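Here are my notes for you, written as numbered points. Keep the viewer open and look up each residue as you go.

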Amino acid sequence: MFAACMYYRGFISFIALFFLIAIGMISGPGCANIIPPTGGPRDSIPPLLEKATPGDSTRNFRGNKIVFSFNEFIELQNAQQQLMMSPQPTVFPAVEYKLNTLTVRLKDSLEPNTTYTLNFGESIKDFTEGNLLKNFTYTFSTGNYIDSLELRGKVLLAETGKTDTTLIVMLHTNPNDSAVVKDRPRYVARLDSKGNFVFKNLPPKTFYLYALKDDGGTRRYFNEKQLFAFAEKPVVTDGKNDPVTLYAYSSKKDVPVALPSFKSNRNKSNRPEDQRLKYQTNLTLRQQDLLKDLVLTFDEPLRLFDSTKIRLYSDSIFTAAAGYRFEKDSSNKIVTLHHSWKENSSYHLILEKDFAEDSAGRKILKTDTLDFKTKKLTDYGSVKLIFKSPDLSQNPVLLLLSGESIYRSYPLGGAELTIPMIPPGEYELRLLYDVNKNGKWDSGEFFGKHKQPEVIKSIEKKISVKPGFQNEFDISL
């Protein structure tokens, strides 16, 4: 009996042991797979200042070195371009970094009883994730007080009403116009994403306010191709200053220079197609816009153009059209056909063999016929714009833009404007205040005349024109 019991218990123990081993085999490999931690959310916090020596807003500053300690390793980029010290020293400070420490060594003597600010722009970021510490600012004074006056404002592009955040704003103390050419500014500020600027820690003083495009980092106005703006009058900081709006303009545009093309006779082809006068038209799918002229653009300048050898006919029976004329531009590459088109009509432009010859002696090989058809009236929409409280005393001119190009301009004589025909699409609206009533935007002139540019204001609301429909819009200025 005892032996049987022992046998039974041994069998039960064996079974138990078997199950324990089986469970271990099943679960054992799972336990050996170590799953790495997910790491949590990405660090998006820029470096934090732990200590500045001397401390921020130090008074009676006498040293030549400032040390900043951050809570993590940092990296410095473009410090020479990004760091702004105001008032500006003659010699730029030396900036260096190591691990979590940033050191600024002042190379120039400091003025007595003066408040200085260091703005690092977008030069400081953390080493691991690249999180920017934007516009980190440090202030100190060589006197026993910190200047606290401010000057705020905005810079807009006079020609578009938009902003260019790459411009800088400057304060000079020299009243002469030549200061913007010869002198470094006393204070410099950047624009934010909306074109706003602010000068802080200013003393009570008379300043001359400017803005400019400073691609070379000189902070000077060298030529009229630069975007430039100036305040109407000097600014006296007294704690009661209203925001100032500057309108930047560029007096002259770059004109591309047409270089002569030198062709080797050795590579000259005698194929007939290479001897043919080449041109393009502004037709779209052989359709003529009722609101535009027909334009012929030639690859090379024309040395001969005979308008008597190019004729316009209408309809299917080639009826001679009347009241059209040709105009050649100063480059001798563009010929424009002016005509009052009939809607939904067929036209034929006959080009005789000798109607034109370019500077390389090329002509068309034989008489050519250009067939096209005009659009229908229903391909266009009409527009009625109702303006809320327009200031007609400033001679407003409405500019309609398609993409980046001005499509049409319309002087406003009242609160309503009706445009009977306009191609469908989305249009941006701008308002030109045409001071001299010449129907176009005029830039400013600074030296001697202090003439401000004419102002164009951008209207936030865009209009979407549907074809064959009277489109009506209320416009708030």
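1. Let's start with a small puzzle: which residue in β10 is the bridge partner of N119? The partner is T137. Before you go hunting for it, please bear in mind that this is a predicted model.

2. Now for the sheet around that pair. β4, β7 and β10 make an open sheet of three strands, in the order β4-β7-β10, and the pairing is antiparallel. The edge strands are β4 and β10 (137-141), as each of them pairs on one side only. Going from one strand to the next, the twist averages 10°. In general, the strands of a sheet pair through backbone hydrogen bonds, either parallel or antiparallel.

3. Have a look at both seams of this sheet. Between β7 and β10 there are five bridges, in the antiparallel sense. Between β4 and β7 (residues 115-119) there are three, and these two strands run antiparallel as well. You can check the β4 seam by eye: S86 has T117 in β7 as its bridge partner, and M85 stands opposite L118 in β7.

4. How many of the five residues of β7 are buried? Four of them are, so β7 is largely enclosed by the rest of the structure.

5. Next, the second sheet. This one is also open and has three strands, in the order β14-β11-β18, but here the pairing is mixed. β14 (196-202) and β18 (244-248) are at the edges with a single partner strand each, so one side of each has no neighbour in the sheet. On average, neighbouring strands of this sheet are turned by 25° against each other, with direction ignored.

6. Within that sheet, try tracing the seam between β11 (residues 149-157) and β14. These two strands pair in the antiparallel sense over five bridges. A handy place to check is R152, which stands opposite V198 in β14.

7. Where are the cis peptide bonds to look at? One joins T53 and P54, with omega about -5°. P54 sits in the loop between β1 (49-53) and β2 (65-70). Another is the bond from S86 to P87, where omega is near -5°. P87 belongs to the loop between β4 (84-86) and β5 (94-98). You have met S86 already, as the bridge partner of T117 in β7.

8. Two backbone angles also deserve a second look. Most residues other than glycine have a negative phi, and most peptide bonds are trans. L99 is not a glycine, yet it has a positive phi of about 55°. You will find L99 in the loop between β5 and β6 (101-105). N395 is not a glycine either, and its phi is positive at about 55°. N395 is in the loop between β30 (381-388) and β31 (396-402).

9. Is N395 buried or exposed? Its relative accessible area is 21%, so N395 counts as partly exposed, given that buried means under 20%.

10. Finally, compare that with T336, found in strand β26 (residues 334-338). T336 has 14% relative accessibility, so it counts as buried. What does T336 touch, leaving aside residues up to four places away in sequence? The list is D293, L294, V295, R325, F326 and E327. Try showing those side chains together with T336 in your viewer.

Key
Residues are numbered from 1 along each chain as its sequence is written. This is a predicted model: local features need pLDDT of at least 70, side-chain atom pairs count only at pLDDT 80 or more; totals for chains, interfaces and linings use all residues. Side-chain values use heavy atoms; hydrogens and water are left out. Helices (H or I, at least four residues) and strands (E, at least two) are DSSP runs, numbered from the N terminus. Buried means under 20% relative accessible area, exposed over 50%, partly exposed in between (1.4 Å probe, protein chains only). Two strands pair if DSSP finds at least two bridges between them. Axes are lines fitted to C-alpha atoms, for helices over the stretch in contact, and angles run from 0 to 180 degrees between N-to-C directions. Contact means heavy atoms within 4.5 Å.
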